[in-house]
Amino acid sequence: VAVYAENSTINNNGGSIKLSNNGVGIQAKGTSTINLAGGTITGTGNDAMGVYSDTAITNVGTAIDLQGDHSTGIFSAVSVVNNNSVKVGNSSSQANPSIAIYAPQVTNNSVVEAGTNSIGIYSTGISPQNINNNLLVKVGDSVNTSDPSIGIYSAVAGSMVTNAGTV
């Protein structure tokens with residue numbers, strides 16, 4: 001873990017975090033707040049996670065690009081508002097995909113990209129949630145029509161997916 005906090009504040013204002021296998025860029029537990037205002041989180045290692053939090057995340061300026069197998073760009077147990085690019089690469093297995101943004105509630109206002117066998121936005125939880133795409137979610141291999149990549153996936157009955165952008 002590059003940056004870790006419990007019940008604190010993390011400010012990423014312009015730094016660069018590079019991840020290898022099983023690396024985590026920023027992890028916050030408890031009542032921590034994460035301010036993603038600048039910088040980059042990149043990596044080519046497998047099973048990497050850009051940002052992980054028990055609380056809500058707003059990304060206004062941190063670009064995330066993780067190209068390793070089975071990587072996750074942003075994970076929140078509550079919600080994500082994304083205003084910068086989040087990219088994950090290909091996965092070797094559809095059963096174990098890379099996921100660009102994983103949270104119960106998501107609002108995307110930027111570019112989300114996921115490779116083959118991967119998912120752009122994944123929403124799950126115990127009650128219906130809202131997933132809003134206001135710009136672009138791009139997945140997989142547009143030439144290969146048998147590519148099992150998914151742009152936006154909601155695993156909760158009754159959730160509302162609103163697409164005002166492009167998938």
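## Strands, core and a few loop residues

Ile 150 lies in strand β17. Strands here are DSSP runs of E, at least two residues long, and they are numbered from the N terminus. This is a predicted model, with pLDDT of at least 70 needed for local features and 80 or more for side-chain atom pairs, while totals for chains, interfaces and linings use all residues. Residues are numbered from 1 along each chain as its sequence is written, and side-chain values use heavy atoms, with hydrogens and water left out.

Back to Ile 150: with a relative accessible area of 28%, it is partly exposed. On this scale, buried is under 20% relative accessible area, exposed is over 50%, and partly exposed sits in between (1.4 Å probe, protein chains only). Not counting residues up to four places away in sequence, Ile 150 touches Ser 118, Ile 119, Gly 120 and Val 139; contact here takes heavy atoms within 4.5 Å. Ile 150 and Ile 121 are 29 residues apart along the chain, and their C-alpha atoms are separated by 8.1 Å.

**The sheet that β17 belongs to**

Where does β17 stand in its sheet? First, the strand order: β1-β3-β5-β8-β11-β14-β17, an open sheet of 7 strands with parallel pairing. β17 (150-154) is at an edge, as is β1 (3-6); each has a single partner strand, so one side of each has no neighbour in the sheet. From one strand to the next, the twist averages 5°, using axes fitted as lines to C-alpha atoms and angles from 0 to 180 degrees between N-to-C directions. For two strands to count as paired, DSSP has to find at least two bridges between them. Take β5 (residues 49-53) and β8 (residues 72-76), which pair in the parallel sense over 4 bridges. Ser 53 has Ser 76 in β8 as its bridge partner.

**β7 and the nonpolar core**

Strand β7 covers residues 63-66, with Ile 64 and Leu 66 on its covered face and Ala 63 and Asp 65 on the uncovered one. It pairs with β4 (residues 33-43) in the parallel sense, over 4 bridges, and also with β10 (residues 86-88), again parallel, over 3 bridges. Ile 64 is a handy residue to follow across these strands: Ile 41 stands opposite it, and its bridge partner in β10 is Val 86.

Which residues have the most contacts inside the largest nonpolar core? They are Ile 26, Ile 41 and Val 51, in a core of 27 residues. Elements giving two or more residues to this core include β2 (9-19), β3 (24-29), β4, β7 and β10. A nonpolar core is a set of buried Ala, Val, Leu, Ile, Met, Phe, Trp, Tyr and Cys residues, joined through side-chain atoms within 4.5 Å. In soluble globular proteins, nonpolar side chains tend to end up buried together. Leaving aside neighbours within four places in sequence, Ile 41 is in contact with a list of residues that includes Ile 17, Leu 19, Ile 26, Val 51, Ile 64 and Leu 66.

**Loop residues**

Here are some loop residues, each with its place and its relative accessible area.

| Residue | Loop between | Relative accessible area |
|---|---|---|
| Asn 22 | β2 and β3 | 57%, exposed |
| Thr 55 | β5 and β6 (57-59) | 17%, buried |
| Ser 98 | β10 and β11 | 0%, buried |
| Asn 117 | β13 and β14 (119-123) | 15%, buried |
| Ser 118 | β13 and β14 | 1%, buried |

Asn 22 isn't a glycine, yet it has a positive phi of about 60°. Asn 117 also has a positive phi, near 60°, and is likewise a residue other than glycine.

Ser 98 and Ser 118 touch one another. A polar atom of the Ser 98 side chain lies 3.1 Å from the backbone nitrogen of His 70. The side chain of Ser 118 reaches the backbone oxygen of Gly 89 at 2.9 Å. Polar contacts are pairs of N or O atoms within 3.5 Å; within protein, one must be able to donate a hydrogen and the other to accept it, and residues adjacent in sequence count only if both atoms are side-chain atoms. Beyond four places in sequence, Ser 98 also touches Gly 68, Asp 69, Val 88 and Asn 117, among others. Ser 118, on the same basis, has Pro 97, Ser 149 and Ile 150 among its contacts.

Thr 55 touches Gly 30, Thr 31, Ser 32, Ser 76, Val 78 and Ser 79, leaving aside neighbours within four places in sequence. One of these, Ser 32, is 23 residues away along the chain, with a C-alpha separation of 7.0 Å from Thr 55.
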